[in-house]
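Please look over the fold before reading on. The paragraphs below go through the sheet, the helices and the charged pairs.

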Amino acid sequence: MEDEEDHPQRSQKWLENVSKGIVSHEIEALTLQGLQIELAQKGLIRCKFVVPEHLSDRDGNWHVGAIAVLVDDVGAAAIFSYVGHIKASVGFNVSYLSTAKIQEEVEIEGKVIGHKDKLSLVEVSVKKKDSGQIIAIGKQWMSAMTSKL
C-alpha cells in the first residue's frame, strides 16, 4: 500500500524527470529545461524558472505556447502530489495577462483548489519574480484515468 506522505516527493521526481526528457516528449523537455522545484507538498508545487532564449517569440517574449506547456505540467504535478498519480486533462484554460522577456526569472505555483471523487481542479499562477506581476493564470480540470470503457 502506498503512503500518501510520499505523493509530494513522487510528484517532484516526476516533474524533474519531465524537465529532463526522461518521462516526456521532447517538446516538454525543451519547454521545462532548467525548471527548479522549490517546494513540493500535498496539493502544492512551487517552482522558479529563468526563461531561455529558445522559448522566445519573434518579439523576444516568452512564447505563450511554452507558458501553456509549463502550466499544464506544473498543474499535473500539483494534482499528482495530492492524489498520488497522473490524471487526464478534461478541461484546460490559460489567461495571459502580461509577458516575460528572455532571461527573466519567474515563479510558478500550482495549487489544488478542488477535489471530489475522480475529478480534481488545479490553479497555476505564473509571476515575475522581481515585481510579482502576474504573467498567466491557468485552471485545469483533471480526471482519474480508468482502464474500463
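**Sheet, helices and salt bridges**

Strands β4 and β5 form a hairpin with 2 residues between them, and Asp117 in the turn has a positive phi of about 55 degrees. Helices (H or I, at least four residues) and strands (E, at least two) are DSSP runs, numbered from the N terminus. This is a predicted model, in which local features need pLDDT of at least 70 and side-chain atom pairs count only at pLDDT 80 or more, while totals for chains, interfaces and linings use all residues. Residues are numbered from 1 along each chain as its sequence is written, and side-chain values use heavy atoms, with hydrogens and water left out.

The hairpin belongs to an open sheet of 6 strands with antiparallel pairing, in the order β1-β2-β4-β5-β6-β3. Because β1 and β3 (88–96) stand at the edges, each with a single partner strand, one side of each is left without a neighbour in the sheet. From one strand to the next the twist averages 15 degrees. Angles run from 0 to 180 degrees between N-to-C directions, and axes are lines fitted to C-alpha atoms, for helices over the stretch in contact.

Two strands count as paired if DSSP finds at least two bridges between them. Within the hairpin, β4 and β5 (residues 119–128) pair over 10 bridges in the antiparallel sense. On another pairing of β4 (residues 105–116), β2 (residues 44–50) joins it in the antiparallel sense over 7 bridges. Lys111 in β4 takes part in both pairings: Leu44 stands opposite Lys111, and the bridge partner of Lys111 in β5 is Glu123. Elsewhere, β3 and β6 pair in the antiparallel sense over 8 bridges, and Ser89 has Met142 in β6 as its bridge partner.

Two helices can be placed against these strands. Helix α1 packs on the sheet, touching β1 and β2, and its direction makes about 155 degrees with that of β1. Helix α3 (residues 64–83) also packs on the sheet, where it touches β1, β2, β3, β4, β5 and β6; its direction makes about 45 degrees with that of β4. Contact here means heavy atoms within 4.5 Å.

How many salt bridges does the structure hold? There are 5, a salt bridge being a side-chain nitrogen of Lys or Arg within 4 Å of a carboxyl oxygen of Asp or Glu. In one of them Arg46 meets Glu109, with the closest N and O atoms 2.8 Å apart. Arg46 lies in strand β2 and Glu109 in strand β4, so this pair ties together parts that are 63 residues apart in sequence. Arg46 is partly exposed at 32% relative accessibility, as is Glu109 at 25%; buried means under 20% relative accessible area, exposed over 50%, and partly exposed in between (1.4 Å probe, protein chains only).

Another salt bridge joins the side chains of Lys129 and Glu107 (3.9 Å, N to O). Lys129 lies in the loop between β5 and β6 (134–143) and Glu107 in strand β4, so the pair ties together parts 22 residues apart in sequence. A further one is formed by Lys48 and Glu38, whose closest N and O atoms are 4.0 Å apart. Lys48 is in strand β2 and Glu38 in strand β1 (residues 36–41), 10 residues apart. Lys48 is partly exposed, with a relative accessible area of 23%, and Glu38 is partly exposed at 43%.
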